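Colleague: I should like to go through this model with you, beginning with its sheet and ending with its cores. Please reason each answer through to the name or value requested.

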Amino acid sequence: TNSVRAVDRLFRLQLDNDAAKLHATLCPISRDAALKAAFLDGDREGLLAQVAPLFERLNAQHRVTHFYLMDAGRRVVLRAHEPDLSGDRIDRSTLLGAEETGREAQGLELGPLGTLSLRAVKPWYDGDTLIGYLELAEEIDHVSREIHTALGVDLLVLVERRLLNRPDDPIAAGDGQAPVILSSTLRDIPQVVLDHLRQSPGASHGTVHALAGTRVLYTALLPLEGASGQTLGQIAVVRDVTDLQAGFRSALITATVLVVGAGVLAFGLFYLV
C-alpha cells in the first residue's frame, strides 16, 4: 500500500515538473522576434527553417516529441515533427482550455494512434493581439521507467478500450471491454496479472497473486486522468512481494513460538504454585 501511494505521488510530481519545463521552454520561443515575424508574414518556409533545428535540440535534450504552431483559430500552421501535415483544426482539451482562459494550459492527452502525451499550450501574442498558440508535448513512457528505477516497482499504463482500437493487445484478446496496455516496464507480463486486469478492469483494491514456484506479486490500480478531468484508464502497480511474504511468515512463526512458549511457561508456573 505504501508503494502504491508513493507511485501516485511520484507520478503526479513528475508530470508537474515536466509540464513546468515545457512551459519554461515555450516562454523564450514566444518572445523570438524572428520567429514571430515569419509567422505573421505567412512565410512557412522561413518558419520551418527556424523551427526544425530548434525541434531537433528539444527532442534530443528534453524528450519533446511534438511541436505545433497554430493560428488564433486553432488551425495548424506548422507541425515541426510532421512538416508535411498542416491546415487541420485542433480541438484537444488543453488547447481549448488555453483558448477559453487566455492562459497557459497543460495535461495528459490521448492521441488517435494511442500515444499518451503530456501537452503544454501557450497563447501567443503580438503586443495585446492574440496571433496563435504554441504547443510542446512529450510522450510519458520515461515517467514509468524512472518510477520503476526509483521505487523498484513495475508499472503498466492501461487505457480504456473504447478510446482506441488496439485488437492486437494481449490483455484485450476476446474481450471488447478490457483495457489496453499502452506501456509496461515488465518485459514479460505474467498471465495471472493479465487475467486479473482483464477480469477486474476498474478494481482499485490490491490483489496478491501466487505464481508458479515461490514468487508472489501484488497488483493495485491507480486512476489515470486526462487534461479535461475525464478518466483515460488506470496505472497498474505490480510489486514482487515474495521476500516480504517470506519475512512476514517468518515473523508470524517466531511470534507464535514465543506466545506458545510464554503460555507453556505461565502454565508451568501456575502448576508449580
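**Sheet and cores**

Colleague: Which residue in strand 5 is the bridge partner of arginine 119?

Modeller: The model is a predicted one. Strand 4 covers residues 116–126, and strand 5, residues 129–139, pairs with it in the antiparallel sense over 10 bridges. The bridge partner of arginine 119 in strand 5 is alanine 137.

Colleague: Which strands are the edge strands of the sheet?

Modeller: The sheet is open, with five strands in the order 2-1-5-4-3 and antiparallel pairing. An edge strand here pairs on one side only, and this applies to strand 2 (76–79) and strand 3 (105–110).

Colleague: What angle does the direction of helix 4 make with that of strand 3?

Modeller: Helix 4, residues 93–101, packs on the sheet and touches strand 1 (66–71), strand 3, strand 4 and strand 5. Its direction relative to that of strand 3 is about 155°.

Colleague: Which helix gives the most to the largest nonpolar core?

Modeller: That core has 46 residues, of which Phe11, Phe67, Leu69, Ile140 and Leu224 touch the most other members. With eight residues, the greatest contribution comes from helix 1 (residues 2–30).

Colleague: Beyond its neighbours within four places in sequence, with which residues is phenylalanine 11 in contact?

Modeller: Phenylalanine 11 is one of the residues that touch the most other members of the largest core. Once those sequence neighbours are left aside, its contacts are Ile140, Val143, Ile147, Leu224 and Ile235.

Colleague: How many residues does the second, separate core hold?

Modeller: Among its members are Ile181, Leu186, Val193 and Leu221. The number of residues in this second core is 11.

Notes: Residues are numbered from 1 along each chain as its sequence is written. This is a predicted model: local features need pLDDT of at least 70, side-chain atom pairs count only at pLDDT 80 or more; totals for chains, interfaces and linings use all residues. Side-chain values use heavy atoms; hydrogens and water are left out. Two strands pair if DSSP finds at least two bridges between them. Helices (H or I, at least four residues) and strands (E, at least two) are DSSP runs, numbered from the N terminus. Contact means heavy atoms within 4.5 Å. Axes are lines fitted to C-alpha atoms, for helices over the stretch in contact, and angles run from 0 to 180 degrees between N-to-C directions. A nonpolar core is a set of buried Ala, Val, Leu, Ile, Met, Phe, Trp, Tyr and Cys residues joined through side-chain atoms within 4.5 Å. Buried means under 20% relative accessible area, exposed over 50%, partly exposed in between (1.4 Å probe, protein chains only).
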